[in-house]
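Trainee: I have a structure to go through before the group meeting. Can we take it step by step?

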Amino acid sequence: MSQDGKSGGLRPLSRRGFLAGAGIGVGLGAAGAVGADRFTGSGDGDPAGGEDALIVPFNGAHQAGITTAQQERMYFVALDVVTDSREELRDLLRTWTTMARRMSRGLEAEPEGSVGVDRDTVATDTGEAVGLRPARLTVTVGFGPSLFDERFGLAPARPEELEDLPRFPGDQLDERISRGDLCIQACADDPQVAVHAARVLVKAGSGLVTVRWAQLGFGRTASTSIEQGTPRNLFGFKDGTANLKNEYTNLINEHVWVHDGSWMDGGSYLCARRIRMLLENWDRQTRREQEEVFGRTKDEGAPLGREHEEDPMPFNEWHGTDGPLIPAHAHSRLASAPANDGARMLRRGYNFVGGVDDYGHLDAGLFFIAFVASPRDDFITVQSNLSHHDNMNAFVRYESSSIFACPPGPVDDDDWWGRGLFDQTA
Ligand code: HEM
């Protein structure tokens, strides 16, 4: 495969080409093996599943990075558009799609790469991912409610549900880290690959977009496939047990993908909340107190009164006369589908640490991300219930709030993020 991803020719500057040429990758095992035959994938460059476990297919009915088995690292950037030109915005989305497609395949963002350009030319790719594996990179793009104002002629196509999330009880929001016209969620198993992808796209948008805020996540707090183990959040609890998994096709279709016949058909809404965790307080609680906050055990992650993580929650069972086995205001009970008119969501959050605050306390927490088909039915209902009653509220502070509409995936190499939106408002 050449630098532009087609068969034949030289490929000295692709990340994968670099690996193959340098012989790096030997001994990485089946999933990590790198060799020349990896570059003879299908015509569109998306190797069939199993041919290269490190590459997540980019093209498809839905964007990658939603039901994709959750990667270990994330870099999330929210941007504001500073050009008023609809054409410039459209061209940028096209360019971003092409670049992200290449990077997901382990190539540099442009065929010239970071060092293939003339020495007097500024390269498009910044180069720090050269030599790194594709690391299951996914890049997912979303449009904020503010993109649908008068600037770009998109207002007639604003989905009814795409509006700023309401302010929930207890929210202590910092506007500087909330909202945005656009978002880029880059996830990978290597933090440098994720950061590089978003950084290169931001650079390509220089003069057209500015970064509003960004968040680095260092460890996943959910699993989105039954094949993944359940990770732990910074409270030390297993997180993601009752999450929607990509194998639950019917539930994913109902609660994650939009089916409305509009440009959003096949897309999903991304709801993000930066949640500071007051770890110093939490760390002083007994294990019993901590377990009653979640309604699950700390070791196994089992429902209280049960032994195994996967045991169903005994919501209706009582602990003698002491009250329900799962406390009335336990997080797991309040967030569950039965307590929220059947609401479900695909959680895809990450742990973060951002240093220390003025008191020397860890500025750490959970960057919560959920993908839903209906923000109103599947997210706001649950968040509202939690914000009013959750036992966990004594140990967290909701610091930011954002919503983005993630369009469907580009179906082939000629397609681009948001084409349906631009067509619908042409
Ligand atoms: C610091 C923030 C949070 C922490 C530490 C946290 C932690 C947990 C834990 C430990 C569980 C039990 C294991 C599991 O089923 O995954 C859980 C379940 C859940 N959480 Fe959270 N969570 C947080 C925020 C939120 C928010 C903001 C929402 C939604 C608005 C949410 C929605 C859910 C849902 C839907 C479940 C599954 C409930 C069930 O069906 O049993 N969580 N969370």
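**Surface, core and iron site**

Mentor: This is a predicted model. The protein exposes about 17800 Å², and carbon and sulfur atoms supply 49% of that area.

Trainee: What percentage of the residues in the protein is buried?
Mentor: A residue counts as buried when its relative accessible area is under 20%. The protein has 426 residues. The buried share of them is 55%.

Trainee: Which residues touch the most other members of the largest nonpolar core?
Mentor: That core holds 72 residues. Apart from it lies another core, of 21 residues, with F76, I252, F352 and F371 among them. In the largest core, the residues with the most contacts to other members are L89, W96, F143, L147, L182 and F235.

Trainee: Is N243 buried or exposed?
Mentor: N243 sits in the loop between β5 (219-220) and α4 (249-255). Leaving aside residues up to four places away in sequence, N243 touches A222, S223, T224, Y248, M345, L346 and R347. Its relative accessible area is 1%, and the cut-off for a buried residue is under 20%, so N243 is buried.

Trainee: Which residue is the only protein donor of the iron atom of the ligand?
Mentor: A donor here is an N, O or S atom within 2.8 Å of the metal. The NE2 atom at 2.1 Å meets that cut-off. Its residue lies in helix α7 (residues 331-335). The only protein donor of the iron atom is H331.

Methods:
Residues are numbered from 1 along each chain as its sequence is written. This is a predicted model: local features need pLDDT of at least 70, side-chain atom pairs count only at pLDDT 80 or more; totals for chains, interfaces and linings use all residues. Side-chain values use heavy atoms; hydrogens and water are left out. Donors are N, O and S atoms within 2.8 Å of the metal (3.2 Å for Na, K and Ca); water is not among the atoms, so sites may look incomplete. Helices (H or I, at least four residues) and strands (E, at least two) are DSSP runs, numbered from the N terminus. Buried means under 20% relative accessible area, exposed over 50%, partly exposed in between (1.4 Å probe, protein chains only). Contact means heavy atoms within 4.5 Å. Accessible areas come from the Shrake-Rupley method with a 1.4 Å probe; for residues, only the protein chains shown count as cover. A nonpolar core is a set of buried Ala, Val, Leu, Ile, Met, Phe, Trp, Tyr and Cys residues joined through side-chain atoms within 4.5 Å.
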